[in-house]
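Subject: Structure handover

Hello,

Here is the structure we talked about. Please open it and keep it beside you while you read my notes.

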Amino acid sequence: MDFADYWQYTDVVTKTLFFVLIVLSMLSWITGILRILNSQKIAKTVSQDLTQQIYQQQSQLTTLSLDNQKLVTEQQLLQQLNRYRFASEQGLNILGTTAAIAPFIGLFGTVWGIFHALDSIAKSGQAGLGQVAGPVGEALIMTGLGLAVAIPAVIMYNVIVRINRKAMHQANDTAHTLLANVLMNSSSPVTQTSLATQPHLQTSSQPKQQTNAADLMLKNA
């Protein structure tokens, strides 16, 4: 029995459910393939991109204190991590929704098809096995179609989640390394020496000011 034989038993509701499943299948396949490629790209470039973004912004923090540099760097890292997480999770709602509702749509189509077949048999008055097996058997195809739509969506969803976890692990590891490097560079001996000499310069200037004030007093006297 070919598809045309099945199609003759369907009504408007079954046809609508059939096209809904076809649309969900197309969306899930397109979204899944694009998301897998994008997630793999993020996983490969996240460390290099995060390092480049942070070091470009570090030149603007040289005038801040060590605590402020640490605070600003942490906020920048959190901002970049949230951007990566948001970019990697786009499209997952389509796959998750398809995987969740496609089996139920197929099941509803099967139940509706069986009901429609039994109603047609009751109206015709012919209740033989040949009249029942055809419509009921073809109605079960909706369940198979729902599973055929849901199973690839579940597989692609799990693959993408796995790749995203790997990418975020690399991003977090790189973020901790960058923060440690920023703190080490900020507290380098050159910086400490320059900070230590500032009070000395300030104290050495005070006696000079007092001497100038004493000279003025002697001149006025």
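Of the 221 residues in the protein chain, 30% are buried. Keep in mind that this is a predicted model.

**Overall fold**

The protein chain has seven helices and zero strands. Follow the sequence and you read α-α-α-α-α-α-α.

**The core**

Which residues have the most contacts inside the largest nonpolar core? They are Leu50, Leu77 and Leu81. That core holds 20 residues. Four helices each supply at least two of its residues: H2 (12–58), H3 (66–89), H4 (92–124) and H6. H6 gives the most, with nine residues. There is a general background to this: in soluble globular proteins, nonpolar side chains tend to be buried together.

**A nonpolar patch on the surface**

Some nonpolar side chains sit on the outside here. Ile22, Met26, Ile30 and Leu34 form a nonpolar patch on the surface. Together they have about 380 Å² of accessible area. Look at Leu34, which is in helix H2. Is Leu34 buried or exposed? Its relative accessible area is 53%. The cut-off for exposed is over 50%, so Leu34 counts as exposed.

**A positive patch**

Now find the charges. Lys44, Arg162, Arg165 and Lys166 gather in a patch of positive charge on the surface. Which helix gives the most to the positive patch? Helix H6, residues 141–186, does, with three residues. Lys166 has its place in helix H6. H6 also gives the most to the largest nonpolar core.

**Two residues in helix H4**

Start with Trp112, which lies in helix H4. Its relative accessible area is 27%. Buried means under 20% and exposed means over 50%, so Trp112 is partly exposed. Along the chain, Trp112 and Thr14 are 98 residues apart. In space, their C-alpha atoms are separated by 7.2 Å.

Then go to Ala100, also in helix H4. Ala100 has 41% relative accessibility. That value falls between the two cut-offs, so Ala100 is partly exposed as well. How many residues apart in sequence are Ala100 and Ala150? The answer is 50. From C-alpha to C-alpha, Ala100 and Ala150 are 7.2 Å apart.

**Where to look**

Try H6 as a starting point, since you will meet it in the positive patch and in the core. Then turn to Leu34 and its patch on the surface.

Best wishes

Notes. Residues numbered from 1 in each chain as written. Predicted model: local features only at pLDDT ≥ 70, side-chain atom pairs only at ≥ 80, totals over all residues. Heavy atoms only, no water. Patch = residues over 30% accessible without salt bridge, like charges linked within 9 Å, V, L, I, M, F, W, Y side chains within 5 Å. Areas by Shrake-Rupley, 256 points an atom, 1.4 Å probe, with all protein chains shown as cover. Salt bridge = Lys/Arg side-chain N within 4 Å of Asp/Glu carboxyl O. Lys, Arg positive; Asp, Glu negative; His and termini not counted. Charge placed at Lys NZ, Arg CZ, Asp CG, Glu CD. Core = buried A, V, L, I, M, F, W, Y, C linked by side-chain atoms within 4.5 Å. Buried < 20%, exposed > 50% of the residue type's maximum accessible area, 1.4 Å probe, protein only.
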